Amino acid sequence: MCMLSRKYKKIYYACLSLITFVLLLHNLHNFQDFSFSSLKTSWGKKGSFCFLSSSDPSGRGPLCGGTSDMAPTWGVLLTMCFQRDSVESTEQHKALYETVIKKWLSGTELPIFVIETSGYQLNFRHKRLWYFTFDDAQRKTVGSSSILEANALDRAVRELKELPEARDITHILKVTGRYFLEGVEEQLSRHAVLCSPVLLLQTHRKEDIKWQNSEYYGIRKDALDLLAHRVLQNGQHMEQSLFTLSTLLGYTFLGPGFTNSQPRGGDRLVINPL
């Protein structure tokens, strides 16, 4: 494809785009109520072009093409909830989350976006940190962490759309706020070729029960709201919705995993590597 002249590239891309659309329609029976409104092919600043691939576990996708100067622009989205049921728990989470934020700022060069769901005001600033907080009324009445996570993602999508500094970001690395992924920039750079898959996932995936861990994942920014709406509309676990979306749109795994000693919330299980 790289040897095609500019004259024929647009025709080539248009044909592939049509094929992609047909394949997506073919898979709709596996993903009801799917919305195409925010997932669209688009020309980048440097004339690069990215297609959605059909389901392809390799993540490469036969319908993925572009010019050699194309590279995704990443931002990190951390989801957090500082305020807890007790003062002691709130202080513990405050110490944990502030430490994690500082690790992301000192350990990477990526822009860091935090969406916080209890109305807590962070007491420090940084030139690469954007902090959004709101008090989710459902956090004390809804038992599903997936619903609360989807509410956070939905709010984050709206905030990022209004933020000038996020305008050029094409991909979001969503990470649960208690984790820092050492060496993630190097892992992300390995996918900065031609066209990135829609989803970069953890290796913790269970095909038999259709379950994809969601402690972190990389996703095209214009696909983030699809994941949130799927959970909110159908009441599924986040992990089930992420599995379905990845099966439809294509994915690859982000590295072999990251060294981790931090237990997850709830059952306090330590997933290592994460």
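Which residue in β5 is the bridge partner of Ile-115? Hold that thought, everyone, and thanks for coming. One reminder before we look: this is a predicted model.

The answer is Phe-132. That pair belongs to a longer contact, since β4 and strand β5, residues 129–133, are joined by five bridges and run parallel. So much for one edge of β4; let's turn to its other partner. Strand β3, covering residues 74–80, also pairs with β4 in the parallel sense, again over five bridges. If you want a residue to click on there, try Met-80, whose bridge partner in β4 is Glu-116.

Now, how do we get from β3 to β4? Helix α2, residues 87–107, takes part here: β3, α2 and β4 make a right-handed β-α-β unit.

Let me stay with β4 a moment longer. How many of the residues in this strand, 112–116, are buried? Five of the five. Both faces are covered, with Ile-112, Val-114 and Glu-116 buried on one side, and Phe-113 and Ile-115 buried on the other. Notice that Glu-116, the partner of Met-80, is on that list of buried residues.

Next, helix α6, residues 238–249. Here is a quick sanity check for the geometry fans. Its twelve residues, at 1.5 Å a residue, should span 16 Å, and the end C-alpha atoms are 16 Å apart, so the two agree. This helix is mostly covered too, with ten of its twelve residues buried. Among them are Met-238, Glu-239, Phe-243 and Leu-249. Right after α6 comes Gly-250, which has a positive phi, near 100 degrees.

Finally, the part I suspect you were waiting for: the pocket. The largest one has a volume of about 1,100 Å³. Of the 38 residues lining it, those closest to the centre are Arg-84, Ser-145, Glu-149, Thr-176 and Gly-265. Which element gives the most to that lining? It is α3, with five residues. Our earlier acquaintances β3, α2 and α6 are also among the elements that each supply at least two residues, and so is β6, residues 171–176.

As for the chemistry of the lining, the residues divide into ten nonpolar, 16 polar and twelve charged.

That's my tour: a strand, β4, with parallel partners β3 and β5, a mostly covered helix α6, and a pocket to which that helix supplies at least two lining residues. Thanks, and over to you for the discussion.

Notes. Residues are numbered from 1 along each chain as its sequence is written. This is a predicted model: local features need pLDDT of at least 70, side-chain atom pairs count only at pLDDT 80 or more; totals for chains, interfaces and linings use all residues. Side-chain values use heavy atoms; hydrogens and water are left out. Buried means under 20% relative accessible area, exposed over 50%, partly exposed in between (1.4 Å probe, protein chains only). Helices (H or I, at least four residues) and strands (E, at least two) are DSSP runs, numbered from the N terminus. Two strands pair if DSSP finds at least two bridges between them. A crossover is right-handed if, with the strands pointing away from the viewer, the path from the first strand over the helix to the second runs clockwise. The expected span of a helix is 1.5 Å times one less than its number of residues. On a 1 Å grid over the protein atoms alone, a cavity is a set of points where a 1.4 Å probe fits but cannot get out, and a pocket is an open set with protein on both sides within 12 Å along at least five of seven lines; lining residues have an atom within 4 Å of a point. Grid points are joined across faces, edges and corners, and a volume is the space filled by probe spheres set on the points. Ala, Val, Leu, Ile, Met, Phe, Trp, Tyr, Cys and Pro count as nonpolar, Asp, Glu, Lys and Arg as charged, and the others, Gly among them, as polar.
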